[in-house]
Amino acid sequence: MTNIEMTTEEIYENIQNKVPLLILDLRSPENYMVGHIEGSANAKCTNMQQKQAIMSRLPKDQKIILIDDDGNEASQNANMLARFGFDAHYLKNGIKSWNKTLVKSKQDTIISNEKLWNSLKSDKDVFLLDVREPMEFAEFKIPGAVNVPLSELFTSSVGERIPKDKKIVTICSHGNRSMVATFALAQKGIESTSLEGGMSKWNQVLNANTAIKNADLTIIQVEKVGKGCLSHIVGSDGQALVIDPNYPPSKYIEFAEKEGLKIIKVIDTHQHADHVSAARELAKITKAELYFSAKEEYEIEHKKVDEGDIIPVGRKQVQVIHTPGHTAGSMTFVVDDKYAFTGDTLFVESVGRPDLRDKAEEFAKDLHDTIHKKLLKLGSNTMIFPTHHGEGIKPTENGIFYTTPEMAKKLTLVDLSKEEFVNKVVSMTTPRPMNYSIVIKVNKGSISIIEEQVPDLEMGPNRCSIQ
Ligand SMILES: [Fe+2]
């Protein structure tokens, strides 16, 4: 076996001679950021699974040099890589033996989903570099992201496609390929940040906006930004009802507390197929009452609500209307005759899919009746808050997604006769949401999962409306 130990002088000579090197710094991101070898990348893995995933993506045709504090961990890892056929080496005695210049980082080595969301809102200089394969990218992406697959990042010409004056954030599905992308970019002298947990975690960001705030009513719309799922907190007199909560449930407590509200009731408009409902978990944590539609089956202890029921919240009486179509048991909740929470029945840009329960024709007829005989009969300026919005749909200035009966009447689908509508629905070819049958079982309570499984179950785009 060749000698895998390298001295500072040997590594320095390689750098001076422009030998293609992949210098991976195994120290903590904090230590790396304070001072690292120029052209090196931070490669701190959080667990064995990640280490293996990263290893499987490393190029075999390049010299890899590992750096750590004192040479111990780096030596073990270099030996392991060498056994797997890599041209792997490590810096003898670690970074403390490096007697040349060290450089500081200008940006974090990894970024959390929430931090990226916040920086996208305020920082125009972020360049989102999605390194997944084109097929995965086409399926769903962060708006504005540019796709350069990981394999291409190791080629010499790719540097021209990456801007030099922006903060590069690399993205993949789980945060492994995106980390390897930071290695490839560092080799080219480009600093970058990897999105921790990738698109899977990105899909879990919840963002709250105030839709209504007056003396006795607060309505907060909570958006799952990666998927376009919407949920709502209806507050009055210190009490709150949460409609269609998503994971992570703890965020709703945070959003409600900010408004001085205590969550006392939690409800789903219907049994969701595209995302895991956090209703049960949120009710459990907050000791709130859990309600579901009386016309749907659940294997979870809950109170049932049906047409004509009233759910009191603070000084408000929330009315329940049965609005079947998307599912047989879908309910709409109305406050003050002015605000309606319609689930997946009527969206800003379309109507809900009635074909996810294998009774497309029957459900399409019900949906047409629901829209025309119930929802469009609400006052013409009633604010209708749906449970999703489609890709590219712009919210109002304060970030709220809603429609009204007046706006909905202008939708082509709403304009169709019942027969035309049913024909259109039956001929639909839009793929179903990924994992939808498992998600239904989880939401029904037939199978249980842990919170860590939610991101992967919800992977993929939102497909709850007719397109
Ligand atoms: Fe749905």
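## A lysine out in the open

Let's start with K258, which counts as exposed because its relative accessibility is 69%, above the 50% cut-off for that label. Keep in mind that this is a predicted model. K258 has its place in helix α10, which covers residues 250–258.

How far is K258 from D123 in space? Their C-alpha atoms are separated by 25 Å, and along the chain the two are 135 residues apart.

## Three domains

The protein chain splits up into domain 1 (5–97), domain 2 (110–201) and domain 3 (204–457). If you take the centres over C-alpha atoms, domain 1 and domain 3 sit 50 Å from each other.

## Who holds the iron?

Now for the metal. Which residues coordinate the iron ion? They are H270 and H326, each through its NE2 atom, plus D344 through OD. The distances run from 1.8 to 2.3 Å. Written as a sequence pattern, the spacing of these donors is H-x55-H-x17-D. H326 belongs to the loop between β19 (316–322) and β20 (331–335), while D344 belongs to the loop between β21 (339–343) and α12 (360–374), so this pair ties together parts that are 18 residues apart in sequence.

Are H326 and D344 buried or exposed? H326 counts as buried because its relative accessibility is 1%. D344 is buried too, because its relative accessibility is also 1%. The cut-off that matters here is 20%, and buried means under it.

## A histidine tucked away

Take a look at H272 next, in the loop between β15 and α11 (279–286). With a relative accessible area of 0%, H272 is buried. Its side chain makes a polar contact with the side chain of D244, at 2.8 Å.

What else does H272 touch? Leaving aside neighbours within four places in sequence, H272 is in contact with D244, S277, D344, T387, V439, I440 and N443. You've already met one of these: D344 is a donor to the iron ion.

## The nonpolar cores

Here's a handy general idea: in soluble globular proteins, nonpolar side chains tend to be buried together. In this model, the largest nonpolar core has 38 residues, and the ones touching the most other members are L58, L66, L129, L153 and F183. Many elements chip in with at least two residues each, among them β2 (21–25), α3 (48–55), β4 (63–67) and β7 (126–130). The top contributor is α8, which gives seven residues. Domain 1 (5–97) and domain 2 (110–201) each supply at least three residues to this core.

Zoom in on L153, one of the residues with the most contacts to other members of that core. Setting aside neighbours within four places in sequence, L153 is in contact with L129, V131, V148, V158, I162, A181, A184, L185 and K188. Another core lies apart from the largest one; it has 22 residues, including I212, L217, V320 and F385.

## Charged pairs

How many salt bridges are there? The count comes to 21. One of them joins K213 to E259, with the closest N and O atoms 2.6 Å apart. K213 is in strand β11 (residues 206–214), E259 is in the loop between α10 and β15 (262–267), and the pair links parts of the chain 46 residues apart. Are these two partners buried, partly exposed or exposed? K213 is exposed, with a relative accessible area of 57%, whereas E259 counts as partly exposed at 23% relative accessibility.

Another salt bridge pairs E289 with K303, and here the closest N and O atoms are 2.5 Å apart. E289 sits in strand β16 (residues 289–293) and K303 in strand β17 (residues 303–305), 14 residues apart. E289 is partly exposed with a relative accessible area of 28%, and K303 is partly exposed with 41%.

D306 and K295 also form a salt bridge, with 2.6 Å between the closest N and O atoms. D306 lies in the loop between β17 and β18 (310–313) and K295 in the loop between β16 and β17, so the pair ties together parts that are 11 residues apart in sequence. D306 counts as partly exposed at 22% relative accessibility, and K295 counts as partly exposed at 40%. Finally, E114, K251 and E254 are linked in a network of salt bridges.

Note on methods: Residues are numbered from 1 along each chain as its sequence is written. This is a predicted model: local features need pLDDT of at least 70, side-chain atom pairs count only at pLDDT 80 or more; totals for chains, interfaces and linings use all residues. Side-chain values use heavy atoms; hydrogens and water are left out. Donors are N, O and S atoms within 2.8 Å of the metal (3.2 Å for Na, K and Ca); water is not among the atoms, so sites may look incomplete. Helices (H or I, at least four residues) and strands (E, at least two) are DSSP runs, numbered from the N terminus. Buried means under 20% relative accessible area, exposed over 50%, partly exposed in between (1.4 Å probe, protein chains only). Domain bounds come from an automatic or database domain assignment. A nonpolar core is a set of buried Ala, Val, Leu, Ile, Met, Phe, Trp, Tyr and Cys residues joined through side-chain atoms within 4.5 Å. Contact means heavy atoms within 4.5 Å. A salt bridge is a side-chain nitrogen of Lys or Arg within 4 Å of a carboxyl oxygen of Asp or Glu. A polar contact is a pair of N or O atoms within 3.5 Å; within protein, one must be able to donate a hydrogen and the other to accept it, and residues adjacent in sequence count only if both atoms are side-chain atoms.
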